[in-house]
Amino acid sequence: MATIEECRSALDKLSDSLAGAEGDVHAAAALDRSLSCHVTDLDLTFVGRLRDGRIEVLDTVPGPPPDRAQIRLAMTGDDLVAMVDGQLNFAKAWGSGRVRLEASLLDVFRLRKLL
């Protein structure tokens, strides 16, 4: 099972990848949205923003997200680490229910370029 530190590191790595992206991926990452990532097996949530092509983690809270973020992700810590490392395909994980993504339809269309 991935640790809190490994999950935080994976989010930082994802943020760095988004910041260095170009073209359609860069445009999709240029959203300004509240974001939460609930790590289900650790029962904690990283709360922050997707802004200027980066993920800014502002807080880590126990349990599910305290507020409804505009973009909400939920998955196990192992799946988060595997996705960021390129070992787990987001579309397949989302389609099978291993990863949950909740956002407006417009945001989902933009985010599909990132994931």
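**Exercise 1.** How many bridges join strand 1 to strand 4, and do the two strands run parallel or antiparallel?

*Solution.* The model is a predicted one. Step one is to count the bridges: strand 1 and strand 4 (residues 71–75) are joined by 5. Step two is the direction, which is parallel. One facing pair in these strands is Ser-36 and Arg-72, the latter in strand 4.

**Exercise 2.** Describe how strand 1 pairs with strand 2, and say what lies between them.

*Solution.* Strand 2 covers residues 44–51 and runs antiparallel to strand 1, with 7 bridges between the two. To place one pair, take Leu-35: its bridge partner in strand 2 is Gly-48. These strands form a hairpin with 4 residues between them. Within that hairpin, Asp-43 has a positive phi near 50°.

**Exercise 3.** Decide why strand 1 can be called largely enclosed.

*Solution.* Strand 1 spans residues 33–39, and 6 of its 7 residues are buried, so the rest of the structure largely encloses this strand. Cys-37 is buried, at a relative accessible area of 3%.

**Exercise 4.** Find the buried residues of helix 1 and work out how they are arranged around its axis.

*Solution.* Begin with the helix itself: helix 1 (residues 4–19) has 16 residues. From first C-alpha to last it reaches 23 Å, close to the 22 Å expected at 1.5 Å a residue. Next, list its buried residues: Cys-7, Ala-10, Leu-11, Ser-15 and Leu-18. They cover an arc of only 140° around the axis, so they sit on the same side of helix 1. A general rule helps here: an α-helix has 3.6 residues a turn, so residues three or four places apart point the same way.

**Exercise 5.** Test whether Cys-7 takes part in a disulfide or is in none.

*Solution.* A disulfide requires two cysteine sulfur atoms within 2.5 Å. By that rule the count is 0. For Cys-7, the nearest cysteine sulfur belongs to Cys-37 and is 7.5 Å away, so Cys-7 is in no disulfide. Seen from Cys-37, the closest cysteine sulfur is that of Cys-7, and 7.5 Å is too far for a bond. Cys-7 is buried, with a relative accessible area of 0%.

**Exercise 6.** Which residues line the largest cavity, and which strands each supply at least two of them?

*Solution.* The structure holds 1 cavity of 30 Å³ or more. The space in the largest cavity is about 40 Å³. Its lining consists of Leu-11, Leu-35, Ser-36, Cys-37, Phe-46, Val-47, Gly-48, Ile-55, Glu-56 and Val-57. Strand 1, strand 2 and strand 3 (54–62) each supply at least two lining residues.

Terms used: Residues numbered from 1 in each chain as written. Predicted model: local features only at pLDDT ≥ 70, side-chain atom pairs only at ≥ 80, totals over all residues. Heavy atoms only, no water. Buried < 20%, exposed > 50% of the residue type's maximum accessible area, 1.4 Å probe, protein only. Pairing = 2+ DSSP bridges. Expected span 1.5 Å × (residues − 1). Arc of directions from axis to C-beta. 1 Å grid on protein atoms, 1.4 Å probe; cavity = no way out; pocket = protein on both sides within 12 Å on 5 of 7 lines; lining within 4 Å. Points joined across faces, edges and corners; volume = space filled by probe spheres on them.
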